Amino acid sequence: MMCGITGTPGTGKSMVADELSRRGHTVVHLVDTVRLYIIGEDEVRDTQVIDVDRWAREFVPVDGFVEGHFAHLLSCDRVVVLRCRPDELKKRLMKRKYPKKKVRENMEAEALDVCLIETVEMHDPSRILELDTTGHDPPYCADRIELFVKNKIPAAFGTIDWSAFVEAEL
Ligand SMILES: Nc1ncnc2c1ncn2[C@@H]1O[C@H](COP(=O)(O)OP(=O)(O)O)[C@@H](O)[C@H]1O
Ligand SMILES: [Mg+2]
């Protein structure tokens, strides 16, 4: 059983993945798997360009969790989309010393449900859990994820509406 954990940067993927790892689960961090797939530099956005299609095609499935902001591009048995209310996301990313422009970009992506939409386009609804991390600590989030992969809580998404933040003063 492979479960992807995806979401906008700052939604808490790495922290919840560390919690799952402490609980004995196998966890793969997407960033540790992309080195061979770097095809350039995006100088405007100051990030590496990854050949995600080839990466996804060649990814060797694991029995456990794959954590990273395009984990939903893999053929997962389950996908958890972490969410964070944009004003809270802003605080988290500022603490991480992200440049203002990147904070804004990520708040906008979160307000527009970008990761969720991409996930819904690729996966059966019965496999998707949208999980709001706003005001919920990593152990709580890890509990929900464990219950979901054990089929103890149902798939669910689409109840979050942060469209009010799209045009908000960021
Ligand atoms: N569930 C949470 N509740 C509160 N703050 C969190 C939570 N998860 C992460 N954070 C904070 O947000 C920041 C980004 O978390 P991280 O796990 O690195 O996100 P991601 O891997 O999705 O980019 C961290 O510095 C952490 O302090
Ligand atoms: Mg991370």
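**Close-up views of a predicted model**

**View 1. Helix α1 (residues 13-22) packs on helix α6 (residues 138-149) at an angle of about 70°, with the two axes 9 Å apart.** That puts the pair within the 65 to 115 degree range, so α1 counts as roughly perpendicular to α6. This is a predicted model, so keep that in mind for every view here. As for handedness, α1 goes past α6 in a right-handed crossing. On the α1 side, look for Met-15, Val-16, Glu-19 and Leu-20. Facing them from α6 are Pro-138, Pro-139, Cys-141, Ala-142, Ile-145 and Glu-146. Sorted by class, this α1–α6 contact has eight nonpolar residues, two charged ones and no polar ones.

**View 2. Helix α3 (residues 86-95) meets helix α4 (residues 100-111), their axes coming within 9 Å and crossing at roughly 150°.** Angles over 145 degrees fall in the antiparallel class, so α3 and α4 run roughly antiparallel to each other. The crossing of α3 past α4 is right-handed. From α3, the contact draws on Pro-86, Leu-89, Lys-90, Leu-93 and Met-94. The α4 half consists of Val-103, Asn-106, Met-107, Glu-110 and Ala-111. Class by class, the α3–α4 contact residues come out as seven nonpolar, one polar and two charged.

**View 3. Ligand 1 sits among 13 surrounding residues.** The closest of these are Gly-10, Lys-13, Ser-14, Arg-96 and His-136. Now zoom in on some polar atoms. In the side chain of Arg-96, an N or O atom is 2.5 Å from an oxygen atom of ligand 1. The backbone joins in too: a polar backbone atom of Met-15 lies 2.8 Å from a ligand 1 oxygen. Gly-12 places a backbone N or O atom 3.0 Å from an oxygen atom of ligand 1. If Met-15 looks familiar, that's from the first view, where Met-15 is one of the α1 residues in the contact with α6.

Methods
Residues are numbered from 1 along each chain as its sequence is written. Chains are lettered from A and ligands numbered from 1 in the order in which they are written. This is a predicted model: local features need pLDDT of at least 70, side-chain atom pairs count only at pLDDT 80 or more; totals for chains, interfaces and linings use all residues. Side-chain values use heavy atoms; hydrogens and water are left out. Axes are lines fitted to C-alpha atoms, for helices over the stretch in contact, and angles run from 0 to 180 degrees between N-to-C directions. Helices (H or I, at least four residues) and strands (E, at least two) are DSSP runs, numbered from the N terminus. Angles under 35 degrees count as roughly parallel, over 145 as roughly antiparallel, 65 to 115 as roughly perpendicular and the rest as oblique. A crossing is left-handed if the near helix is turned anticlockwise from the far one by less than a right angle, and right-handed if clockwise. Contact means heavy atoms within 4.5 Å. Ala, Val, Leu, Ile, Met, Phe, Trp, Tyr, Cys and Pro count as nonpolar, Asp, Glu, Lys and Arg as charged, and the others, Gly among them, as polar. A residue is near a molecule or strand if one of its heavy atoms lies within 4 Å of it. A polar contact is a pair of N or O atoms within 3.5 Å; within protein, one must be able to donate a hydrogen and the other to accept it, and residues adjacent in sequence count only if both atoms are side-chain atoms.
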